[in-house]
Amino acid sequence: MSEALYAEHPDVYDALYADKEYDREVAFVCEQFDERGNGGDRALVVGCGTGEHSRRLRDRGFDVTGVDRYEAMVERARTKSDADFRVGQLPDLPVEGAFDLVFVPFTVVNHLPPDDFAPTVRALVDALADGGLLVFDVMDERPEEPTAMQLYTSDRPEGTYARLVQRRPTDGRQYRWDSLIFTPDGEFFVDVHELTDFDREVVTGALEVLGLDVATFGWYGDVDESETDMTVFVGSDDRS
Ligand SMILES: C[S@@+](CC[C@H](N)C(=O)[O-])C[C@H]1O[C@@H](n2cnc3c(N)ncnc32)[C@H](O)[C@@H]1O
């Protein structure tokens, strides 16, 4: 059982998330960067997936490096922009130098096992230039017991993609997203993600200990933080 959606079917990932609000997410990050960043142009996108945020940041003039764990995602990202895409896995970052903006979008942090959280936060903060901005999100979705099946669909010109999902708790703060994914050509495959919930206060504390000034928001600014299980952390470098 594997993360087949990322490892083998990045085209299906894009079809399932065709309506994802990449524009708004990038606009939010850029507003934050304009307000609290250092004005530089080196951006690092970690867990860049198929490169949609990277492409938009490139269009806004950033010099972008994108990193993702899966070769297939990186290969697809390379077809969308001339950002520098690399394969690599948190907490180890295959990058050199310092970045003015470090962006870790859409539950990448939830994909970490609990023990990788502290070294990951350190690696992300270490990658920041003086006065740089770190933005990442976490979702708080661990159920107490296996959920009912949920069906998500995405209608595309070539037909309908469908994803049947069950979330189930495993150990501690961990849980699984088990999916059966159907494509318009009559194929289907199994996809499994092992995810971890991270407490908002613990995340904020971990960033502050490393010298960041932290603000939290509802999902990319479109909802009040108290009304959502999805939090965006914006940490500006306050180390000097
Ligand atoms: C939900 S997808 C988000 C992709 C992209 N950021 C987006 O918004 O469409 C999570 C991504 O994180 C990547 N990922 C998961 N664990 C990772 C790790 N430890 N290091 C780097 N990338 C990771 C996956 O390969 C996948 O592309």
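**Ligand shell and nonpolar core**

Student: What makes up the shell around the ligand, by class?
Tutor: In this predicted model, the shell has 11 nonpolar, 7 polar and 3 charged residues. The shell comes to 21 residues, and the closest are Tyr13, Gly47, Asp68, Leu90 and Pro105. Gly47 counts as polar, because glycine is placed in that class.

Student: Why is the pair between tyrosine 13 and the ligand called a polar contact?
Tutor: A polar side-chain atom of tyrosine 13 lies 2.7 Å from an oxygen atom of the ligand. The limit for N or O atoms is 3.5 Å, so the pair qualifies.

Student: Which backbone atoms are paired with a nitrogen atom of the ligand?
Tutor: For leucine 90, a polar backbone atom is 2.9 Å from a ligand nitrogen. For arginine 69, a backbone N or O atom lies 3.4 Å from a ligand nitrogen. Both values are within 3.5 Å, so both pairs are polar contacts. Of the 600 Å² of accessible area that the ligand has on its own, the protein covers 98%.

Student: What makes up the largest nonpolar core?
Tutor: This core has 38 residues, and Leu5, Leu57, Phe62, Leu101, Val135 and Tyr220 have the most contacts inside it. Elements that each supply at least two residues include α1 (4-7), β4 (99-104) and β11 (230-237). The most comes from α3, with 6 residues.

Student: How do you know that this core lies between domain 1 and domain 2?
Tutor: Domain 1 (4-140 + 198-237) and domain 2 (150-195) both give residues to the core, so the core lies between them.

Methods
Residues numbered from 1 in each chain as written. Predicted model: local features only at pLDDT ≥ 70, side-chain atom pairs only at ≥ 80, totals over all residues. Heavy atoms only, no water. Near = heavy atom within 4 Å. Polar contact = N/O pair within 3.5 Å; in protein donor to acceptor, adjacent residues only side chain to side chain. Areas by Shrake-Rupley, 256 points an atom, 1.4 Å probe, with all protein chains shown as cover. Core = buried A, V, L, I, M, F, W, Y, C linked by side-chain atoms within 4.5 Å. Buried < 20%, exposed > 50% of the residue type's maximum accessible area, 1.4 Å probe, protein only. Helix = DSSP H or I, 4+ residues; strand = E, 2+ residues; numbered from the N terminus. Domains from an automatic or database assignment.
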